[in-house]
Amino acid sequence: MHPTRIFKTEDELLDAWSGYKDNLTEQNQEWLNVQYVGRNGDRKADPMKVPMTLEGFKRYCRENHGEVEQYFTNQDGYYGAFIGICSRIKEEIRENQIIGGMLGVYNPSITQRLNGLTDKREIDAKIEAPIFKGIDLDVPTDNSTGEDSGSS
């Protein structure tokens, strides 16, 4: 065990994760979807769902507990007991992003890229077609014009 570890048990890290999710609910109030509805164009502001991100969780922990990066990288093997909970957190984040993208709550393109879900196919097409289809051009190769010079 690392001597300066901020989370001594997996439950403490899980409590921080729960705190982050509560913090996201608070952040929802900062990101509003403003619409003007009805005949009079009444302003209606609905809170938007803020997506879970690993970067957001790290920021939350830095502000409220301390640096958490080493728990996810198992720095120097000191954090092996946290591998399971860190995997669980990453999976929950990924699931949240994928479902949000599929439902159209989050931008599907960004969600795909963040989670490595882009369709990576390389298409190599070579098309060789004559420039003038059906016309046979007789091009001389000896720098002559191909015309009769008329001298006899």
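The exercises below, each with a worked solution, concern a predicted model of a protein chain.

## Exercise 1: The chain as a whole

Task: State how many helices and strands the protein chain has, and in which pattern they follow the sequence.

Solution:
1. Count the elements: the protein chain has 5 helices and 2 strands.
2. Read them along the sequence, which gives the pattern α-β-β-α-α-α-α.
3. Turn to burial: 24% of the 152 residues count as buried.
4. Add the surface: the accessible surface of the protein chain is about 11800 Å², and 49% of it belongs to carbon and sulfur atoms.
5. Look at the contacts with a separation of 6 or more: residues 24 or more positions apart account for 53% of them.

## Exercise 2: Helices H1 and H2

Task: Find the angle at which the axes of H1 and H2 cross, and classify it.

Solution:
1. Two packed helices are described by the angle between their axes and the distance between the axes.
2. Locate the helices: H1 covers residues 10–27 and H2 covers residues 54–64.
3. Take both values: the axes come within 10 Å and cross at roughly 105 degrees.
4. Apply the cut-off: angles of 65 to 115 degrees count as roughly perpendicular.
5. H1 and H2 are therefore roughly perpendicular to each other.
6. List the residues that make the contact: H1 contributes Leu13, Ala16, Trp17, Gly19, Tyr20, Asn23 and Gln27, and H2 contributes Gly56, Phe57, Arg59, Tyr60 and Cys61.
7. Sort the residues of this contact by type: 7 are nonpolar, 4 polar and 1 charged.

## Exercise 3: Asn23 in the contact

Task: Decide whether Asn23 is buried, partly exposed or exposed, and name its contacts beyond four places in sequence.

Solution:
1. Place the residue: Asn23 belongs to helix H1.
2. Recall the cut-off: buried means under 20% relative accessible area.
3. Asn23 has a relative accessibility of 17%, so it counts as buried.
4. With neighbours within four places in sequence left aside, Asn23 is in contact with Arg59 and Tyr60.

## Exercise 4: The largest nonpolar core

Task: Name the residues that touch the most other members of the largest nonpolar core, and say which helix gives the largest share.

Solution:
1. The core has 21 residues, and those touching the most other members are Phe7, Leu13, Phe57, Tyr71, Phe72, Phe82 and Ile89.
2. At least two residues of this core come from each of H1, H2, H3 and H4.
3. H1 gives the largest share of the core, with 5 residues.
4. Follow one member, Phe72: not counting residues up to four places away in sequence, Phe72 touches Leu54, Phe57, Cys86, Ile89 and Lys90.
5. Look at H2, where Leu54, Gly56, Phe57, Lys58, Tyr60 and Cys61 are buried. Their cover includes H1, H3 and H4.

## Exercise 5: Residues with a positive phi

Task: Give the phi of Asn74 and of Asp76, and decide how exposed each residue is.

Solution:
1. Most residues other than glycine have a negative phi.
2. Asn74 is not a glycine, yet has a positive phi of about 50 degrees.
3. Asp76 is not a glycine either, and has a positive phi of about 55 degrees.
4. Place both: Asn74 lies in the loop between helix H3 (69–73) and helix H4 (83–102), and Asp76 lies in the loop between H3 and H4 as well.
5. Apply the cut-offs: exposed means over 50% relative accessible area, and partly exposed lies between 20% and that value.
6. Asn74, at 23%, is therefore partly exposed, whereas Asp76, at 63%, counts as exposed.
7. A glycine can be added: Gly66, just after H2, has a positive phi of about 145 degrees.

## Exercise 6: Neighbours in space

Task: For Leu14 and Gln29, give the C-alpha separation from a residue elsewhere in the sequence.

Solution:
1. Leu14 is in helix H1. Its C-alpha atom is separated by 9.9 Å from that of Phe82, 68 residues apart along the chain.
2. Not counting residues up to four places away in sequence, Leu14 touches Ile85 and Arg88.
3. Gln29 is in the loop between H1 and strand E1 (32–37).
4. Gln29 and Met48 are 19 residues apart in sequence, and their C-alpha atoms are 7.4 Å apart.
5. Gln29 has a relative accessible area of 52%, so it is exposed.

Terms used. Residues numbered from 1 in each chain as written. Predicted model: local features only at pLDDT ≥ 70, side-chain atom pairs only at ≥ 80, totals over all residues. Heavy atoms only, no water. Axes fitted to C-alpha atoms, helices over the stretch in contact; angles between N-to-C directions. Helix = DSSP H or I, 4+ residues; strand = E, 2+ residues; numbered from the N terminus. Parallel < 35°, antiparallel > 145°, perpendicular 65-115°, else oblique. Contact = heavy atoms within 4.5 Å. Nonpolar A, V, L, I, M, F, W, Y, C, P; charged D, E, K, R; others polar. Buried < 20%, exposed > 50% of the residue type's maximum accessible area, 1.4 Å probe, protein only. Core = buried A, V, L, I, M, F, W, Y, C linked by side-chain atoms within 4.5 Å. Areas by Shrake-Rupley, 256 points an atom, 1.4 Å probe, with all protein chains shown as cover.
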